[in-house]
Amino acid sequence: YTEFNYQREEESRRSEKSRRHEHEESGGETDTTIRSGDEQEDGFVSIEQSRHRWGSGRVRITKVVLSDLLGGEQTLFHNGDSMMVQLHYETSELIERPIFGMAIYHHKGTHLCGPNTKFGGLDIVSIQGVGVISYSIPSLPLLPGDYLISVAVINHNDTETFDFHDRTIPLTIAPGVSHEQYGLFALNGQWQHGDVQNMLAA
């Protein structure tokens, strides 16, 4: 388990799309939902099939909020700003040790990062009902441009995707503290000049 396996999820989604296409050509009806297979009191837990969202539905991410650290909701930030990503979820059953994560893409498709609760050392014992998972970024290193955020929740063994939102949350970065102009993010390093001995001594 190295990260949210976006390549595996993409291959799975393409396989499902191909299966549905073959089913349509054979004259069969197309099921437009992904079902968990576990029937609840109010029927099957399901997520509508789409090219930007899929999963078993046993846990649902119901809302994603981008905000500053004071809670002000926004999708426009400046380079160097703090940002919090809040994932609101709900589940009607007890789910043990889920993993929540997110990814940031440049609008042209480059995958920039993929933090999750497991990598961050947050071991969630269990969830049930409604709740919120938050991820705080003290200083955004992204350079000005348009980006897209994916969010997901999976089981601990990475064998079941409960809910996956693929690049559905827009994020715009405006000029801020960094004067850099090339690439997609600022390293925030420091330049120095001097002779070799003084540099090594420093």
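The legends below describe close-up views of a predicted model.

**View 1. The stacked aromatic pair of W54 and F164**. A search of the whole structure finds 2 aromatic pairs, one of which is formed by W54 and F164, whose rings are stacked with 4.6 Å from centre to centre and 10° between the planes. The pair links distant parts of the chain, since W54 belongs to strand 3 (residues 53–54) and F164 to strand 11 (residues 161–174), with the two positions 110 residues apart. W54 has a relative accessibility of 8% and therefore counts as buried, the cut-off being under 20%. F164, with a relative accessible area of 1%, is buried as well.

**View 2. The tilted aromatic pair of Y89 and F100**. Here the ring centres of Y89 and F100 lie 5.3 Å apart and the ring planes meet at 45°, so the pair is classed as tilted, a label given to planes that are neither under 30 degrees nor over 60 degrees apart. Y89 is located in strand 6 (residues 83–96) and F100 in strand 7 (residues 99–106), and the two residues are 11 residues apart in the chain. Y89 counts as buried at 9% relative accessibility, and F100 is likewise buried, with a relative accessible area of 2%.

**View 3. The charged end of R167 over the ring of Y105**. In this view the charged end of R167 sits over the aromatic ring of Y105, at a distance of 4.3 Å from the ring centre.

**View 4. The surroundings of F77 in strand 5**. F77 is found in strand 5, which spans residues 76–78, and it counts as buried because its relative accessibility is 1%. When neighbours within four places in sequence are left aside, the residues in contact with F77 include L66, S67 and D68, then S82 and M83, and also L140. Further contacts of F77, under the same exclusion of sequence neighbours, are made with L171, T172, I173 and A174. The C-alpha atoms of F77 and P175 are separated by 8.8 Å, although these two residues are 98 residues apart along the chain.

**View 5. The polar contact between E93 and R58**. E93 lies in strand 6, the strand that also holds Y89 of the tilted aromatic pair. With a relative accessibility of 17%, which is under the 20% cut-off, E93 counts as buried. The side chain of E93 is joined to the side chain of R58 by a polar contact of 3.0 Å.

Terms used. Residues numbered from 1 in each chain as written. Predicted model: local features only at pLDDT ≥ 70, side-chain atom pairs only at ≥ 80, totals over all residues. Heavy atoms only, no water. Phe/Tyr/Trp six-rings, centres within 6.5 Å; stacked < 30°, edge-to-face > 60°. Helix = DSSP H or I, 4+ residues; strand = E, 2+ residues; numbered from the N terminus. Buried < 20%, exposed > 50% of the residue type's maximum accessible area, 1.4 Å probe, protein only. Lys NZ or Arg CZ within 6 Å of the ring centre and 35° of its normal. Contact = heavy atoms within 4.5 Å. Polar contact = N/O pair within 3.5 Å; in protein donor to acceptor, adjacent residues only side chain to side chain.
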